[in-house]
Amino acid sequence: MTEKDLKQAIIELRTAFKTNDDARDAGLPREVAGVERLDDLSYGPDPKWHLLDLYRPTDAPRPLPVIINIHGGGWCYGTKETYQFYGLNWAQRGFAFVNPNYRLAPDAVFPDELDDVDRYIHWVADHADEYGLDRNNVFLLGDSAGGQMAEQYAAILTNPDYRDLFGYQLTDLHFRAVVLNSAAAFPLDEGMVTGAVAAYFTPEAIQKQRDQIEAERYIQANYLPTFICTATEDFIRNNSAKLDGFLTAKGIEHVFKMYGDEKHPRGHVFLVSQKDDIAKQATDDEMVFLNAHLSK
């Protein structure tokens, strides 16, 4: 694919995704009862991309359990604004929700986006006391491309050999579990690195950094408890099913849920919708999972 073709693929992906996201979220309020939002907090040097929002329940005891989000978008689309309504819902459920931007392809190539994830996780550790966040109860959550990075970062947290490949340092945050929604697991095995995705996982990165990309090589028995969510019409449903079998074979605690049926099909990252009863059920199920892994 030429550079011109790649840029055109990214434009088309961004246009299609934004059209769908805007239709999904039309009419939703930016302010909701019982939630304080702190917008555009800086976590790094880039004034556009190194920003995050923090949503906190106003009536919950401090310190607050924390969900750190990694948004999806094919590694080349998405912002914290796209996920604000989803995050506000989690704050209404009693969690502080960290909702960041990160740099996008083609300006970012592997592992730049994961570097930003590491950067904002360190920001949470550095500012936990300031914002009333519970260092002892932290959860990682991601969907689609963000699900792949959440899976990857959980392997970094739990395997020092993998962590050394990136040069990252652990924080004092205690991660209790990870939630993977329509995650793009096994990205090099399932024919995913085509079109716009190739702007992030470049041929050079695949050749030189394949070990770093293939997080599954480094998942071991101490991996975080995991909730895997997909749907009947999720176009990468098989990635989640494969991860379910992979974690089962390794004896890793996890839950695998597929939502929708023939009469009520659901698609990729359906549960981000705040207007969908099946999405609400999925989020309810994930909340039960997170609450079960809270340290009291």
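**Reasoning from value to term**

Trainee: Why is Tyr 43 called buried?

Mentor: Tyr 43 has a relative accessibility of 7%, and because the term buried applies under 20%, Tyr 43 counts as buried. Please keep in mind throughout that this is a predicted model.

Trainee: Is Tyr 120 buried or exposed, and how do you know?

Mentor: The relative accessibility of Tyr 120 is 0%, which is again under the 20% cut-off, so Tyr 120 counts as buried.

Trainee: How many aromatic pairs does the structure hold, and what makes Tyr 43 and Tyr 120 an edge-to-face pair?

Mentor: The structure holds 20 aromatic pairs. In the one formed by Tyr 43 and Tyr 120, the ring centres are 5.3 Å apart and the planes stand at 85°; since a pair needs centres within 6.5 Å and edge-to-face needs an angle over 60 degrees, the contact between Tyr 43 and Tyr 120 is an edge-to-face aromatic pair.

Trainee: Why can one say that this pair ties together parts of the chain?

Mentor: Tyr 43 belongs to the loop between strand S1 (35–42) and strand S2 (51–57), whereas Tyr 120 belongs to helix H3 (residues 112–127), so the pair links parts that are 77 residues apart in sequence.

Trainee: What makes strand S7 largely enclosed?

Mentor: Strand S7 covers residues 226–231, and 6 of its 6 residues are buried, so the rest of the structure largely encloses this strand. Its two faces agree with that conclusion, with Thr 226, Ile 228 and Thr 230 buried on one side and Phe 227, Cys 229 and Ala 231 buried on the other.

Trainee: Which strand pairs with S7 over 4 bridges, and which is joined to it by 6 bridges?

Mentor: Over 4 bridges, S7 pairs in the parallel sense with strand S6 (residues 175–181), where Asn 181 stands opposite Cys 229. The 6 bridges lead to strand S8 (residues 254–259), also in a parallel arrangement, and there Ala 231 stands opposite Tyr 259. Because two strands count as paired from at least two bridges, S6 and S7 qualify with their 4, as do S7 and S8 with their 6. With helix H8 (residues 237–249), S7 and S8 make a right-handed β-α-β unit.

Trainee: Why is helix H2 called largely enclosed?

Mentor: Helix H2 spans residues 84–92, and 8 of its 9 residues are buried, so the rest of the structure largely encloses H2. Among the buried residues are Phe 85, Leu 88 and Trp 90.

Trainee: How do you know that the charged end of Arg 93 sits over the ring of Trp 90?

Mentor: The charged end of Arg 93 is 5.7 Å from the centre of the Trp 90 ring, and the distance limit is 6 Å. The charged end of Lys 242 likewise sits over a ring, that of Phe 186, at 4.4 Å from its centre. The term also requires the charge to be within 35 degrees of the ring normal.

Trainee: What makes Ala 292 exposed?

Mentor: Ala 292, which has its place in helix H9 (residues 277–292), has a relative accessible area of 60%, and because exposed means over 50%, Ala 292 is called exposed.

Trainee: Why does Cys 76 count as buried, and how many disulfides does the structure hold?

Mentor: Cys 76 counts as buried because its relative accessibility is 0%, and Cys 229 counts as buried at 1%. The structure holds 0 disulfides.

How values were computed:
Residues numbered from 1 in each chain as written. Predicted model: local features only at pLDDT ≥ 70, side-chain atom pairs only at ≥ 80, totals over all residues. Heavy atoms only, no water. Disulfide = S-S within 2.5 Å. Buried < 20%, exposed > 50% of the residue type's maximum accessible area, 1.4 Å probe, protein only. Right-handed = clockwise from strand over helix to strand, strands pointing away. Phe/Tyr/Trp six-rings, centres within 6.5 Å; stacked < 30°, edge-to-face > 60°.
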